Amino acid sequence: ISPIPDMADPPPPAPAPAPAPPVTPFIRRCTAVACLSGILFGYDLGVVSGALPSLSASLQLTDSQAETVVAFLFIGSALGSFIGGDITDRIGRKRSILVCDGIFLIGSLILGLAPSYGVILFGRIVIGIAVAIAAIADVSYLTEISPEHHRGALVSCNEASISLGFLLSYIASYLITVSISYDAGWRIMFGLSGLIALVQYALMRNLPESPCWLAEN
């Protein structure tokens, strides 16, 4: 008969957890490129605060019209949020980001070349749609390419990128305001987001699709 163990004896120590594997340069590159969507998100939300004074002076907007310019991006975002999930599921995370880059570029060109108040509103809706779809696509992409032990940290990089986008919009607004003709400055401020979209498009083309989406399809 086996002796009854002493209940006062401490339990054996649990085995030490295995160390988390390091984040590879490839994953860092995927994260950095995908997070450009977060920078676009923050930039397009923040740049209107710097562009609005010169925009209002250039097109002689009333206070109500200026408020509408700000609000129309969120109308576009509401529209994009209804279709963003379905698009990323149908065509993939990578392709959705590439499509968003194209929409960002079109929207920035519309805003930068807009001749009238109505065209400005249309451009803001286009940018809003891109913002909403990008927010879904890049978070999905980051989640599905991240190693299990680093998933939370890598996905949170997108949140940091949104804050960085706000900061860049304020810096760009200040530099353009003090160095460019006041009436023309808003066109450059809006147009700069198109450059960020072009950079992301060029870099994203060389990255793979999400392995989870590929496995499902």
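**Figure 1. Exposed face of helix H1 in the predicted model****.** Pro 25 and Arg 28 are exposed and sit on the face of H1 that is turned away from its buried side. Helix H1 spans residues 25-34.

**Figure 2. Buried face of helix H1****.** The buried residues in this helix are Ile 27, Cys 30, Thr 31, Val 33 and Ala 34. Viewed down the axis of H1, they fall within an arc of 170°, so they line one face of the helix. Their packing partners are helix H2 (36-59), helix H5 (117-145), H6 and H7.

**Figure 3. Tilted aromatic pair in helix H6****.** The structure holds 2 aromatic pairs. One of them joins Phe 166 and Tyr 170, with ring centres 6.4 Å apart and planes at 40°. This angle is neither under 30 degrees, as for stacked rings, nor over 60, as for edge-to-face rings, so the pair counts as tilted. Phe 166 and Tyr 170 are 4 residues apart in helix H6 (residues 151-179), which means a separation of about one helical turn. Phe 166 is partly exposed at 25% relative accessibility, and Tyr 170 is also partly exposed, with a relative accessible area of 44%.

**Figure 4. Edge-to-face aromatic pair in helix H7****.** Trp 186 and Phe 190 form an edge-to-face pair, 6.3 Å centre to centre and with 75° between the planes. Both residues belong to helix H7 (residues 185-204), where Trp 186 and Phe 190 lie 4 residues apart, about one turn of the helix. Trp 186 and Phe 190 are both buried. Helix H7 is also among the elements against which the buried residues of H1 pack.

How values were computed
Residues are numbered from 1 along each chain as its sequence is written. This is a predicted model: local features need pLDDT of at least 70, side-chain atom pairs count only at pLDDT 80 or more; totals for chains, interfaces and linings use all residues. Side-chain values use heavy atoms; hydrogens and water are left out. Rings of Phe, Tyr and Trp (its six-membered ring) pair if their centres lie within 6.5 Å; planes under 30 degrees apart count as stacked, over 60 as edge-to-face and the rest as tilted. Helices (H or I, at least four residues) and strands (E, at least two) are DSSP runs, numbered from the N terminus. Buried means under 20% relative accessible area, exposed over 50%, partly exposed in between (1.4 Å probe, protein chains only). The arc is that of the directions from the helix axis to the C-beta atoms. Contact means heavy atoms within 4.5 Å.
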